[in-house]
Amino acid sequence: MWKELLENVRTCAPRIHCITNYVSMNDCANILLACGASPIMAMDEAETAQITAACDGLTINIGTLSRTVIPAMLSSGRRANELGIPVVLDPVGAGASDFRTKSALLLLQEIHFTAIRGNASELRALAAALRGTDEQRMHTLVRPESDGANVCAAFAQKETADGGDYACGMVGAIHSSGVDVGASDRVTEENLDQWITFVKDFSRRTKAVVALTGAIDIVADAHSAFIIRNGHPMMSRVTGTGCQLSVLLAAFLAANGSKDSRADTASGTAGDMRADAAREYADGMHTNAARECADGMHTNAARECADGRHTNAAKKCVDDMHTAAMSGDSKNLQAAAAAVCAMGVCGEKAQKRLTALDGNATYRNYLIDAVSHLSPEDLEQEANYEMR
């Protein structure tokens, strides 16, 4: 599977519009060229929608956010949605400031993202902000105009009016300390199950494939998760490896993913995981556990159902869910997981080239070189993953 996905990127050579941060812009362009894609960077609202329309994918990265670039992001994202072009959000540093987090929420409200990639702290901050933002507040957001606007203005006015502490709409939001993952948010083997549940729930709420990246990567839709154990700690010592992965995600999605980006499609996630079929299993078994399996579509719950009742119907439900996740019905999930595997495999290859005199600057170059030389066969053989 991974082999074909990388081959498609090289064959299709998708053009990716990157609205990304100034720190990693050059490396993002080079990583796209290395994988066989074509980068273009446009940041001004006067041209961003037009540039997006001529591209195959779009990445929106808030790493060096300003009020002037938000309208450009919105314009490009809306145009991409109109044309069915995949859009990736990289919420760099979400939770570090009210402005940054609220801007990310505005983008989530106005644009349907095919995929969202971030570290655990960034995604947890966004999830907390979403929980604290009810439907009424979302619809009272001030839309930034061409000359820029304070996206928190509506909430500041409400806070003043009724004495509440909405923190720009983020009731109970968790603030990160910057762009790096917080120590308490690290994904480990011990807390892996909890993070898998979190990522699936975040995908369900955003209708996007979600890639939580770190020492252990989790790439999931609302129903299935790839657990990926490729990569090397040296990747965290190079600025912008996450940003590079986000544009790589866009390239893989453009070459392999679903072209339908409507907000009600659940981002191509296994055709809603054959919910009707699962409900038929539930009706046949006449058990509450099976109905929970159908309604929640949780693979773990289905396995418990199968193990507890030892019924062929429940086992078939589990098998069909796994098959659907690996089939063409879940193209976006597969494409995102392939990109994460590819970046991790290349991180390992780059580290093996280092000598005693080499450091993170050399590693950065070796990483881009590894992407350039990555063969479909190497990706197929070296991808280290499981599904849950």
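Being 3 residues apart in helix α9, W195 and F198 are separated by about one helical turn, where helices (H or I, at least four residues) and strands (E, at least two) are DSSP runs numbered from the N terminus. The model is a predicted one, in which local features need pLDDT of at least 70 and side-chain atom pairs count only at pLDDT 80 or more, while totals for chains, interfaces and linings use all residues. Residues are numbered from 1 along each chain as its sequence is written, and side-chain values use heavy atoms, with hydrogens and water left out.

The structure holds 5 aromatic pairs, a pair being counted if the ring centres of Phe, Tyr or Trp (its six-membered ring) lie within 6.5 Å, with planes under 30 degrees apart taken as stacked, over 60 as edge-to-face and the rest as tilted. One of these joins W2 and Y385, whose ring centres are 5.0 Å apart and whose planes stand at 90 degrees, so the pair is edge-to-face. This pair links distant parts of the chain, as W2 belongs to helix α1 (residues 2-12) and Y385 to strand β9 (residues 385-387), 383 residues apart. W2 is buried, with a relative accessible area of 1%, whereas Y385, at 33%, counts as partly exposed; buried means under 20% relative accessible area, exposed over 50% and partly exposed in between (1.4 Å probe, protein chains only). The pair of W195 and F198 is also edge-to-face, with 5.3 Å from centre to centre and 85 degrees between the planes. Both residues are buried, W195 at 8% relative accessibility and F198 at 17%. Ring pairs further link W2, F226 and Y385 into a cluster.

W2 and F226 appear again in the largest nonpolar core, which has 57 residues and in which W2, L32, V219, F226, F252 and L379 touch the most other members; such a core is a set of buried Ala, Val, Leu, Ile, Met, Phe, Trp, Tyr and Cys residues joined through side-chain atoms within 4.5 Å. The elements giving two or more residues to this core include α1, β1 (15-19), α2 (25-35), β8 (225-228) and α10 (241-256), and α16 gives the most, with 13 residues.

Helix α9 (residues 192-206) also contains K200, which is buried yet has no salt bridge, the nearest side chain of opposite charge being that of D221, 6.9 Å away. Here Lys and Arg count as positive and Asp and Glu as negative, with His and the chain ends not counted, and a salt bridge requires a side-chain nitrogen of Lys or Arg within 4 Å of a carboxyl oxygen of Asp or Glu. A polar atom of the K200 side chain does, however, lie 3.4 Å from the backbone oxygen of R388. T197, found in helix α9, counts as exposed at 52% relative accessibility; the C-alpha atoms of T197 and S224 are 9.9 Å apart in space, the two residues being 27 apart in sequence.

Positive phi values occur in two loop residues other than glycine. A13, in the loop between α1 and β1, has a phi near 45 degrees and is partly exposed, with a relative accessible area of 37%. K207, in the loop between α9 and β6, has a phi of about 55 degrees and is partly exposed, with a relative accessible area of 36%.

Technical notes:
A polar contact is a pair of N or O atoms within 3.5 Å; within protein, one must be able to donate a hydrogen and the other to accept it, and residues adjacent in sequence count only if both atoms are side-chain atoms.
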